[in-house]
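Biologist: Please show me the sequence and the model, and then let us go through some local details one at a time.

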Amino acid sequence: MHNFNYHRAADVADAAAKLAATDDPKLLAGGMTLLPTLKNRLAAPSDLIDLAAIAGLKGISVEGKEVVVRAMTPHAVVATSADVQKALPALAQLAGNIGDPAVRHRGTIGGSVANSDPAADYPAACVGLDATIVTNQRKIAADDFFQGLFETALGHGEIITEVRFQIPDRAQYMKFRHPASGYAVVGVMVAQYGSKARVAVTGAGPCVFRVAEMEAALEKSFTPASVANIKVSAEQLMGDIHCSAEYRAHLITVYARRAVEAMVG
Amino acid sequence: MGEFGIGQPVRRKEDVRLLTGGGQFTDDIDLEAQVYAAFVRSPHANAKILAIDTLAARSMEGVIAVYTGQDLVDAGMGVMVNEANYVNRSGKPMNKPSRRIMPVEQTRFVGECLAMVVADTPEQARDAAEAVEIDYDVLPAIASTARGLDKDAPHVWPEFGENLVVHWEYGDKDDVEAKLAACHTRVKVDLVNNRLIVSPMEPRCAAAEYDTASGALTVYTPSQGGRRLQMMLARGLLKMAPEKVRVISRDTGGGFGIRSKMYPETVMVAFAARTLARPVKWRGDRSETFVSDYHGRDQINVAEMGLDAHGRASVLKVETLLNVGAYLSENGVRLPMEGGGRIIPCMYDIPDFYFSVKPMFTNTICTDTYRGAGRPEANYIMERLMDAGAQALGLSREEIRRRNFITEAQMPYKTHLGFVLDSGDFDGTMQMALDAADWTGFETRRAESATRGNLRGIGLATFIEGAGSRPIEGMRMRFEANGEVTLFAGTYSHGQGHDTVYAQLVNEFLGVDFDKVTLIDGDTATSPETSNGTFGSRSSMVGGIGVKRAAEAIVAKGRKIAAHLLQTDAERVVFEGGVFRAQSSSITLAEVAAASHDAKKMPEGMALGLDESVVYENDVENFPNGAHICELEIDPETGILEILNYVAVDDCGVVLNPFIVHGQVYGGVMQGVGQALTENVVYDADGQLLSASYMDYGMPRAAHMPMIEALFNVVPAKTNELGVKGAGEAGACGAPPAILSAVGDALSRLGVSHIDMPLTPEKVWRAIQEARVVTAA
């Protein structure tokens with residue numbers, strides 16, 4: 001680990017001021033990606049601005065048709081929240097299966113979303129559950145937020161403050177865990193909003209994406225059979241030493257169908 | 001047999017200390033005024049070293065010294081040791097490159113140490129290591145075992161004109177091929193035995209201090225016993241008198257074979273401590289452990305077996321490719337011959353055998369011994385052949401094995417490579433496993449899985465091991481004046497529970513309280529001269545019998561003292577249960593021990609104290625064996641596999657402590673599960689290690705396994721007086737073929753005939769897809 005200056009931000013405005021005032025800063029949320037990167041000397045920011053002390057960035061509320069998760073809320077809190085379990089069980093279940101217990105107690109939704117790891121679970125929840133990412137500057141629709149491999153719409157000095165999920169009629173998340181890392185090789189969130197459907201896939205491509213053909217089929221008929229034969233082209237997917245793009249494409253169909261099966265019982 | 005004697009499931013006395021943070025691993029040892037080392041490692045698999053510029057690094061804050069390979073040459077340091085000496089049938093000796101501690105002209109694998117920085121703090125050392133500038137001329141590299149001997153493969157050592165180390169052969173190839181051709185049925189397998197990262201919990205570490213006044217060097221390092229390291233350091237590398245080099249391992253977080261080896265970093269830390277006359281410490285991180293600890297396995301085996309119409313095998317041909325890496329490690333090249341070769345064809349009586357072994361150099365870190373060291377590979381070949389034979393002849397898998405087992409009537413049975421199997425009830429052991437796993441009731445369970453759309457399979461593997469490696473070892477037993485016993489062992493407990501088992505033996509033979517026995521090991525200053533350490537599942541035999549014989553020597557001397565005190569003849573004194581008796585009078589061993597320290601009470605001319613050293617030496621090893629059964633279910637849509645039941649029946653002779661042996665079985669099986677399902681080292685074509693962290697290298701986890709049912713079929717070894725057979729490595733032999741047999745069973749109805757380890761979900765899914773395509777066509 002290289003040396004850096006450590007700052008503990010008092011509130012969001014303070015964090016933003018420190019972001020603006022330092023050379024090459026990084027925001028520190030749960031640190032589940034950033035700290036290993038620093039330890040391996042793969043990054044050398046001049047300053048770390050820790051958001052952990054900002055009370056206003058923690059907590060969960062259900063507001064009308066939205067579940068609001070503030071940015072510094074750990075996965076374990078989302079997973080065990082009675083409010084989330086009641087209003088949006090698929091989100092609680094997704095959070096409860098991220099990484100391992102240590103990661104779930106340190107890792108935060110804001111950190112995960114801001115990182116846009118292609119294999120992270122939360123991006124599938126954001127896109128699949130039509131979320132809005134709220135920052136200290138603006139509101140960004142999840143569909144516009146995730147832009148590519150570790151790329152988001154966040155600008156310099158922008159800090160995520162909360163994520164607002166639209167409560168669906170029903171939803172289900174299914175994932176195939178990486179045997180080594182536990183990350184999603186393929187994770188599929190399927191949600192139904194009245195006559196509308198959303199299917200968001202993480203793990204398989206460079207960035208979370210929606211499968212329009214599956215959504216259209218489900219909007220016509222919300223049954224497992226509707227998606228059972230819809231294939232995603234392997235060309236846009238990732239292949240690596242663990243899973244080929246072709247296998248990932250196959251798994252998307254299987255897991256989408258299984259998610260719908262679980263929803264329609 | 002008392003509560004703490006032989007065969008009792010005594011809980012491990014060392015565990016409270018280890019589980020409450022009382023362990024003293026090398027990184028827990030801080031030497032006064034120590035400074036820190038960091039290494040510059042090669043980013044290239046094959047490159048000429050044009051220049052190493054250390055100027056910038058030397059001028060950085062806190063930097064004390066920077067050393068390159070040339071500095072070591074200039075200092076007169078020796079080279080790494082390799083004693084293997086194989087010869088081609090043509091008479092040409094093996095290709096044997098000299099390995100410098102750090103290379104000077106060329107680097108041959110990613111992660112190789114090319115320079116060392118010593119600084120006041122670990123951070124300064126790492127910062128300076130990053131500032132060392134090396135100019136390379138990058139050369140083409142070869143990492144693949146399958147392609148290492150291709151004509152167009154780059155040569156790791158151009159001076160040899162080939163990557164082949166040696167072509168070693170046993171048997172008459174032409175004769176065996178002719179006999180194969182004449183057989184009723186021939187079966188052939190082509191198997192990859194995947195390369196593994198050994199993954200001890202403790203990363204590699206070293207600390208050293210040098211006393212200028214006495215010229216004595218002390219090296220702290222994890223190990224499997226320090227004597228060999230001491231001799232290598234002193235004689236070959238640092239060129240010092242062995243008595244001036246002391247190697248200490250207080251606790252070691254897992255050995256598995258690779259921790260018994262000498263590594264360049266250890267030598268460098270010792271060299272720097274001596275040169276600077278300051279204590280130097282280095283702790284490798286996990287990433288360094290991935291690229292610089294020796295790896296395991298990495299063979300390709302093509303094998304063919306000829307059988308008659310009744311399933312009796314008579315001819316075997318095995319052709320092995322072995323990837324030894326860029327250099328010859330201490331034992332890597334020996335493993336197919338002296339590791340696996342000594343037992344192959346394993347449990348089976350096959351009279352005609354041809355065996356070809358082609359070890360090859362590649363631009364990868366060396367391979368070396370890893371739990372089982374050649375025997376898992378050998379058993380894997382034979383078990384896959386037996387399953388193939390069963391399928392070809394329409395026999396059940398248990399029946400073909402039964403028809404080919406070496407029987408007790410044939411023992412002592414001499415194997416092709418000259419080892420003698422003394423005991424074993426192979427059929428009985430297999431039958432125990434079949435019964436425990438409800439083998440005959442399997443079809444009902446298969447049908448139940450099918451109703452859920454899943455493919456269920458059951459697999460069987462039988463195996464034999466060779467344990468007790470290099471059976472010579474010293475043991476010293478000393479009675480203290482208060483009646484407590486101290487053992488000084490050359491074996492070294494790094495997880496095996498020797499503190500417990502040796503105390504059980506002292507209790508068994510001398511009646512001394514279990515809690516009054518202390519084991520001292522892991523220090524060359526106190527271990528017996530004749531000591532080798534702990535590896536090859538040897539400590540139950542060489543250490544256990546050392547304790548027994550030392551106890552006998554204590555009793556022999558104690559009897560004379562007792563006779564003197566009881567005023568009788570030594571021949572009339574009987575020792576039993578910790579008491580010497582002569583007719584109606586008696587005296588306890590504790591009293592004799594106390595008296596032995598008082599010259600007035602001792603027979604004239606007898607040395608004071610009860611302190612006996614013995615050397616155990618045997619000319620044969622022992623042969624643990626077993627039968628494992630695995631039952632699993634496959635989701636054909638995803639290829640995901642779940643193990644539902646696992647039965648391990650082991651014959652490891654007399655069981656000294658079943659609780660500890662069960663632990664060995666569980667650990668070995670899990671490492672076998674890792675090889676079969678999740679673990680795989682992947683290098684790219686340029687020799688870059690892709691599976692270089694636990695994010696990419698899949699370790700087996702508790703969730704991969706149900707509880708293992710571990711049972712014993714005790715057949716005492718006839719060739720050692722405790723009747724023990726080493727238990728440490730058996731699980732790693734049994735699990736891979738048992739799992740492959742189960743997957744083969746689950747998929748055979750689809751027509752899948754071949755699949756290799758590791759059985760990743762994608763590999764299983766693809767096998768199913770391809771079979772369905774073929775079936776449809």
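Biologist: Which backbone nitrogen does the side chain of Thr152(A) reach?

Modeller: Thr152(A) lies in strand β9 (residues 151-152) of chain A, where helices (H or I, at least four residues) and strands (E, at least two) are DSSP runs numbered from the N terminus. The term used here is a polar contact, a pair of N or O atoms within 3.5 Å, of which, within protein, one must be able to donate a hydrogen and the other to accept it, while residues adjacent in sequence count only if both atoms are side-chain atoms. At 3.2 Å, the nitrogen reached by the Thr152(A) side chain is that of Leu154(A).

Biologist: From which pLDDT do side-chain atom pairs count?

Modeller: Residues are numbered from 1 along each chain as its sequence is written, chains are lettered from A and ligands numbered from 1 in the order in which they are written, and side-chain values use heavy atoms, with hydrogens and water left out. This is a predicted model, in which totals for chains, interfaces and linings use all residues, local features need pLDDT of at least 70, and side-chain atom pairs count only at pLDDT 80 or more.

Biologist: Is Thr152(A) buried or exposed?

Modeller: Contact means heavy atoms within 4.5 Å, and, leaving aside neighbours within four places in sequence, Thr152(A) is in contact with Val113(A), Ala114(A), Ser116(A), Phe145(A) and Gln147(A). Buried means under 20% relative accessible area, exposed over 50% and partly exposed in between (1.4 Å probe, protein chains only). Because its relative accessibility is 16%, Thr152(A) counts as buried.

Biologist: How are α11(B) and α12(B) oriented to each other?

Modeller: Axes are lines fitted to C-alpha atoms, for helices over the stretch in contact, and angles run from 0 to 180 degrees between N-to-C directions. Helix α11 (residues 397-404) of chain B packs with its axis 10 Å from that of helix α12 (residues 426-436) of chain B, at an angle of about 165°. Angles under 35 degrees count as roughly parallel, over 145 as roughly antiparallel, 65 to 115 as roughly perpendicular and the rest as oblique. The two helices α11(B) and α12(B) are therefore roughly antiparallel.

Biologist: How many residues in the contact of α11(B) with α12(B) are charged?

Modeller: From α11(B), Glu398(B), Arg401(B) and Arg402(B) meet Asp427(B), Met430(B), Gln431(B) and Leu434(B) of α12(B). Ala, Val, Leu, Ile, Met, Phe, Trp, Tyr, Cys and Pro count as nonpolar, Asp, Glu, Lys and Arg as charged, and the others, Gly among them, as polar. In this contact of α11(B) with α12(B), two residues are nonpolar, one is polar, and the number of charged residues is four.

Biologist: How do α6(B) and α7(B) lie relative to each other?

Modeller: Helix α6 (residues 227-238) and helix α7 (residues 264-276) of chain B cross at roughly 70°, and their axes come within 12 Å. The residues of their contact divide into six nonpolar, no polar and one charged. Given that crossing angle, α6(B) and α7(B) are therefore roughly perpendicular.

Biologist: What is the omega of the cis peptide bond that joins Met411(B) and Pro412(B)?

Modeller: Most residues other than glycine have a negative phi, and most peptide bonds are trans. Pro412(B) sits in the loop between α11 and β16 (413-414) of chain B. The bond joining Met411(B) to Pro412(B) is cis, with an omega of about 0°.
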